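Here is a quick tour of the model, starting with charged pairs and working inward. Have the structure open as you read.

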Amino acid sequence: MATASPAADGGRGRPWEGGLVSWPPAPPLTLPWTWMGPSWGQHPGEIIEFPILKLNGRTMEIESTFHMYVQPVVHPQLTPFCTELTGIIQAMVDGQPSLQQVLERVDEWMAKEGLLDPNVKSIFVTCGDWDLKVMLPGQCQYLGLPVADYFKQWINLKKAYSFAMGCWPKNGLLDMNKGLSLQHIGRPHSGIDDCKNIANIMKTLAYQGFIFKQTSKPF
């Protein structure tokens with residue numbers, strides 16, 4: 001489970017904004033969504049893959065995986081650009097659960113893994129703020145769905161990396177892997193592969209002594 005001694009600082013004596021979290025935090029999350037093309041996509045964008053990895057807070061090893069594809073409902077047909085970017089083809093989302101159903105299953109998985117226990121400290125880790133600051137709450141608002149409290153705080157891995165390494169990863173996971181001499185896992189923009197890369201980067205930074213803290217501000 002994502003439990004360990006709480007962090008006292010941001011790794012080098014300077015706290016992140018947002019408050020105290022467990023060390024190391026988990027689980028990593030990244031949400032691929034529908035795109036139309038270089039014009040920045042369809043409106044509204046819709047989540048089409050929902051992957052989460054649960055990390056052990058002491059070993060930084062993956063303990064459990066949640067992974068589902070999501071049927072888009074506003075624009076059910078994926079565009080060629082979306083498929084080219086994410087590797088997700090139409091057959092992978094056709095007949096899959098809706099976002100509402102997937103979120104219900106996420107909650108069931110979180111409970112089964114003990115992550116809803118008030119005595120267990122955990123937090124989502126994303127590559128950027130977009131997934132949980134904009135994408136998920138925006139689609140939930142559009143569909144009239146509630147957003148669970150555990151989605152309202154997170155660690156932006158880009159900020160954590162920049163604090164630990166002293167430089168901003170302009171190209172996200174690719175730059176972070178390069179900066180840490182790590183091999184990139186899988187396909188860029190694949191949700192489950194992105195999660196694996198996030199976990200690997202977190203593990204490397206943690207083993208170097210970096211202490212993670214929440215970067216999001218309270219809603």
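## Charged pairs

This is a predicted model, so take what follows in that spirit. Let's begin with Lys-159 and Asp-129, which form a salt bridge whose closest N and O atoms sit 3.5 Å apart. Lys-159 belongs to helix 5, while Asp-129 is in the loop between strand 3 and helix 4, so the pair ties together parts that are 30 residues apart in sequence. Lys-159 comes out as partly exposed, with a relative accessible area of 26%.

There are six salt bridges in the whole structure. Another one joins the side chains of Glu-61 and Lys-203, at 2.4 Å from N to O. Here the reach along the chain is 142 residues, because Glu-61 lies in the loop between strand 1 and strand 2 and Lys-203 in helix 7. Both ends are partly exposed: Glu-61 has 39% relative accessibility, and Lys-203 has 22%.

Asp-149 and Lys-152 make a salt bridge too, with the closest N and O atoms 3.6 Å apart. Asp-149 is exposed at 59%, whereas Lys-152 is partly exposed at 29%. Then there's a network: Lys-54, Glu-63, Lys-112 and Glu-113 are linked by salt bridges that share partners.

## Helix 4

Just after the loop that holds Asp-129 comes helix 4, covering residues 130–143. Its 14 residues should span 20 Å at 1.5 Å a residue, and the end C-alpha atoms are 18 Å apart, which agrees. Gly-144 follows the helix, with a positive phi near 75°.

Which residues of helix 4 are buried? They are Asp-131, Leu-132, Met-135, Leu-136, Pro-137, Gln-139 and Cys-140. Recall that an α-helix has 3.6 residues a turn, so residues three or four places apart point the same way. The cover over the buried residues of helix 4 includes strand 1 (49–55), helix 3 (99–112), strand 3 (124–126) and strand 4 (154–156).

## Two nonpolar cores

The largest nonpolar core contains 24 residues, and the ones with the most contacts inside it are Leu-157, Ile-201, Met-202, Leu-205, Phe-210 and Phe-212. Strand 1, helix 5 (157–165), helix 6 (173–179) and helix 7 (191–207) each give two or more residues to this core. Helix 7 provides the largest share, eight residues.

A second core is separate from that one and has 23 residues, including Ile-52, Met-68, Val-70 and Val-120.

## Cysteines

How many disulfides are there? The count comes to zero. For a pair to qualify, the sulfur atoms would have to be within 2.5 Å. As for where the cysteines sit, Cys-82 is buried at 0% relative accessibility, and Cys-140, on helix 4, is buried at 1%.

## Positive phi without glycine

Two loop residues are worth a look for their backbone. Met-60 has a positive phi near 65° although it is a residue other than glycine, and it lies in the loop between strand 1 and strand 2 (62–69). That loop also holds Glu-61. Ser-181 has a positive phi as well, about 60°, and again it is not a glycine; this residue is found in the loop between helix 6 and helix 7.

Are these two buried or exposed? Met-60 is buried, because its relative accessible area is 3%, under the 20% cut-off. Ser-181 counts as exposed because its relative accessibility is 70%, over the 50% limit.

Notes:
Residues numbered from 1 in each chain as written. Predicted model: local features only at pLDDT ≥ 70, side-chain atom pairs only at ≥ 80, totals over all residues. Heavy atoms only, no water. Buried < 20%, exposed > 50% of the residue type's maximum accessible area, 1.4 Å probe, protein only. Helix = DSSP H or I, 4+ residues; strand = E, 2+ residues; numbered from the N terminus. Expected span 1.5 Å × (residues − 1). Contact = heavy atoms within 4.5 Å. Core = buried A, V, L, I, M, F, W, Y, C linked by side-chain atoms within 4.5 Å. Salt bridge = Lys/Arg side-chain N within 4 Å of Asp/Glu carboxyl O.
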